[in-house]
Amino acid sequence: MAVILAVVSTKGLRGFSGIAIGGIVGLDILFLSFISGASMNPARSLAPALLAAGSVGDLWLYWSATFIGTSLVALLLRKKFQHDEERYRDLG
């Protein structure tokens, strides 16, 4: 989510946003698939937890971490852009 928010909010990477987002998805699958089965969607984690494991005891982590992490990144990006905007306003 951090990469998607950064790409969208900066309107940057002109023509390379798909490569950046796809690269992060690929890295997630490559390095984290053995931990979570590369589950990046909290709703998608529900069926395997119920059907394969038969337990939803640790499912709260998939749901809360996604929303907390995305909220923190959004706040950091907002603060950064407000700081940049103030700096450019002071220069002009």
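Which residues does Pro 42 touch, not counting those up to four places away in sequence? Some background on the chain helps before the reply.

This is a predicted model. The mean pLDDT of the chain is 78. A value of 70 or more is reached by 84% of the residues. Confidence varies by element: helix H2, residues 17–36, has the highest mean at 84, and H3 has the lowest at 78.

The secondary structure is helical. There are 4 helices and 0 strands. Along the sequence the pattern reads α-α-α-α.

Next, burial and surface. The chain has 92 residues, and 11% of them are buried. About 7200 Å² is exposed. Carbon and sulfur atoms supply 70% of that area. As for contacts with a separation of 6 or more, 33% join residues 24 or more positions apart.

Now back to Pro 42. This residue sits in the loop between H2 and H3. Is Pro 42 buried or exposed? Its relative accessibility is 13%, and the cut-off for burial is under 20%, so Pro 42 counts as buried. The opening question can now be settled: Pro 42 touches Tyr 62, Trp 63 and Thr 66, with residues up to four places away in sequence left out. One of these partners, Thr 66, is 24 residues from Pro 42 along the chain. The C-alpha atoms of Pro 42 and Thr 66 are separated by 7.3 Å.

Tyr 62 also leads to another feature, the second largest pocket. Rolling a probe the size of a water molecule over the atoms reveals where empty space remains. The second largest pocket holds about 160 Å³ of space. Its lining consists of 12 residues. Those nearest the centre are Ser 45, Pro 48, Ala 49, Leu 59 and Tyr 62. Which elements give two or more residues to this lining? They are helix H3, spanning 46–53, and helix H4, spanning 59–91. By class, the lining has 5 nonpolar, 5 polar and 2 charged residues.

Tyr 62 thus appears twice in this account: it is touched by Pro 42, and it is among the residues nearest the centre of the second largest pocket.

Definitions and conventions. Residues are numbered from 1 along each chain as its sequence is written. This is a predicted model: local features need pLDDT of at least 70, side-chain atom pairs count only at pLDDT 80 or more; totals for chains, interfaces and linings use all residues. Side-chain values use heavy atoms; hydrogens and water are left out. On a 1 Å grid over the protein atoms alone, a cavity is a set of points where a 1.4 Å probe fits but cannot get out, and a pocket is an open set with protein on both sides within 12 Å along at least five of seven lines; lining residues have an atom within 4 Å of a point. Grid points are joined across faces, edges and corners, and a volume is the space filled by probe spheres set on the points. Ala, Val, Leu, Ile, Met, Phe, Trp, Tyr, Cys and Pro count as nonpolar, Asp, Glu, Lys and Arg as charged, and the others, Gly among them, as polar. Buried means under 20% relative accessible area, exposed over 50%, partly exposed in between (1.4 Å probe, protein chains only). Contact means heavy atoms within 4.5 Å. Accessible areas come from the Shrake-Rupley method with a 1.4 Å probe; for residues, only the protein chains shown count as cover. pLDDT is the predictor's confidence in each residue, from 0 to 100.
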